[in-house]
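Here are a few short exercises to work through with the model open beside you. Try each task before you read its solution.

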Amino acid sequence: MNAENYTKWLQTQIIPSLKPNSVVVVDNASYHNSLENPAPNSNSRKQDMIDWLNYRNIDRMIKPQLYQLILQTNKYLLNMKLTLKEHGYSVLRLPPDFNPIENIWAMIKGYLAKTCQ
């Protein structure tokens with residue numbers, strides 16, 4: 001699964017079958033999140049940081065100040081959340097520690113790592 005396939009599945013399968021005022025509960029799978037114009041990181045070139053901030057009309061500064069602004073400005077776009085909100089639905093995200101399937105996957109991966117070497 002990836003963000004593009006998930007969004008397509010959401011739009012063609014899930015949204016048409018939801019009743020009004022539905023709430024969709026999701027976990028923190030990577031394909032539920034994608035970055036809009038990914039932000040530079042602390043190892044990025046200063047010019048990349050300046051370009052990223054200029055695109056957002058933010059003034060020039062020294063590299064550490066630029067990176068602090070990037071951290072404050074960068075926002076994750078939730079493909080699924082935006083798509084559902086456009087259709088009038090709510091989204092409830094589970095905190096990472098509250099998702100029991102993650103513990104089960106960890107146990108399975110541990111078992112496979114021990115037995116499949």
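**Exercise 1: A charged pair**

Arg45 is exposed, its relative accessible area being 52%. The model you are viewing is predicted.

Task: find the partner with which Arg45 forms a salt bridge, and say how far apart the closest N and O atoms are.

Solution. Step one: opposite charges on side chains can pair when the charged atoms come close. Step two: the partner of Arg45 is Asp48, with the closest N and O atoms 3.0 Å apart. Step three: the cut-off for a salt bridge is within 4 Å, so this pair counts. Step four: Asp48 has a relative accessible area of 32%, and it is partly exposed because that value falls between the 20% and 50% limits. The structure holds one salt bridge.

**Exercise 2: A nonpolar surface**

Task: decide whether Ile101 counts as buried, partly exposed or exposed, and name the patch residues that go with it.

Solution. Step one: place Ile101 in helix H5, which covers residues 100-115. Step two: its relative accessibility is 35%, so Ile101 counts as partly exposed. Step three: Ile101 joins Ile104, Trp105, Ile108, Tyr111 and Leu112 in a nonpolar surface patch, and together they have about 570 Å² of accessible area.

**Exercise 3: The cores**

Task: list the residues of the largest nonpolar core.

Solution. Step one: the nine residues are Met49, Ile50, Trp52, Leu53, Ile58, Leu66, Tyr67, Leu69 and Ile70. Step two: at least two residues of this core come from each of helix H2 (46-55) and helix H3 (63-73). Step three: a second, separate core has eight residues, among them Leu10, Val24, Val26 and Val91.

Definitions and conventions. Residues numbered from 1 in each chain as written. Predicted model: local features only at pLDDT ≥ 70, side-chain atom pairs only at ≥ 80, totals over all residues. Heavy atoms only, no water. Salt bridge = Lys/Arg side-chain N within 4 Å of Asp/Glu carboxyl O. Buried < 20%, exposed > 50% of the residue type's maximum accessible area, 1.4 Å probe, protein only. Patch = residues over 30% accessible without salt bridge, like charges linked within 9 Å, V, L, I, M, F, W, Y side chains within 5 Å. Areas by Shrake-Rupley, 256 points an atom, 1.4 Å probe, with all protein chains shown as cover. Helix = DSSP H or I, 4+ residues; strand = E, 2+ residues; numbered from the N terminus. Core = buried A, V, L, I, M, F, W, Y, C linked by side-chain atoms within 4.5 Å.
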